[in-house]
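Let's take a friendly walk through this structure together. Have the sequence and the model open side by side as you read.

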Amino acid sequence: MGSLRVTLCTIAALGAVAVTPAAHAADGGVSLSPSSPRPGGDITLRVDGCPQRTATALSKAFVADARLTLAADGILVGESRVRSTAKAGTYDVLVACGEESRTGAVTVAAKGGAEQSVRHGPQPSAPASPTAPVRAGGGGTSRLAMVDAREAGPGTAHTVTGLILAGVAATAVALRSARRSRRPR
């Protein structure tokens, strides 16, 4: 009996989702999916009947204006993100396509709720960290990042420079020792 009840509830829930359309403004031809996004959530906009190949959708609920482009089916499609600070409620959406404009509305749902992001599978024990240098940019240093210094080793120029510095140091020590030995005590 319990299994039958769960099955019927699942079928009813799927039927309700199937017949619930995305938000659609009858006067403007603007449809939004999902129809009630949460703050911080992504939203897809679709506009049909616009004579232009591109359009821009504006709303106080969006983080940034949505740029709509022509899809294969002849409908303008674009995406935006709902502000994470947006309060629950209805916000106007204005779509500017050339000389014409279309209007719609987005209803922002309350924060929280039952839809929480759940991560499945094993949880990482520690954050990932790089183990080798990243081969990117750095101007003239990118060549050095790609060459392992242990393989290349010092060249002839390094050897000559080291010998000259060692000779200068030895001369300075010898001169100082000679000066000290000449001083009267």
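**A walk along the chain**

The chain exposes about 14,000 Å², and carbon and sulfur atoms supply 58% of that area. Please keep in mind that you are looking at a predicted model. Of the 185 residues in the chain, 19% are buried.

Now follow the fold from the start of the sequence. You will meet 4 helices and 8 strands, arranged in the order α-β-β-β-β-β-β-β-β-α-α-α. How far along the sequence do the contacts reach? Counting contacts between residues at least 6 apart in sequence, 50% join residues at least 24 apart.

A good place to pause is the loop between strand 2 (30–33) and strand 3, where Pro34 lies. The peptide bond leading from Ser33 into Pro34 is cis, with omega near 0°.

Next, look for cysteine pairs. How many disulfides does a search of the whole structure find? The search turns up 1 disulfide, and the partners are Cys50 and Cys97, with their sulfur atoms 2.4 Å apart. This pair links distant parts of the chain, as its two residues are 47 residues apart. Cys50 sits in the loop between strand 3 (42–47) and strand 4 (54–58), while Cys97 belongs to strand 7 (residues 89–97).

Are these two cysteines buried or exposed? Buried here means under 20% relative accessible area. Cys50 has 14% relative accessibility, so Cys50 counts as buried. Cys97 is buried too, with a relative accessible area of 0%.

How values were computed: Residues numbered from 1 in each chain as written. Predicted model: local features only at pLDDT ≥ 70, side-chain atom pairs only at ≥ 80, totals over all residues. Heavy atoms only, no water. Disulfide = S-S within 2.5 Å. Buried < 20%, exposed > 50% of the residue type's maximum accessible area, 1.4 Å probe, protein only. Contact = heavy atoms within 4.5 Å. Areas by Shrake-Rupley, 256 points an atom, 1.4 Å probe, with all protein chains shown as cover.
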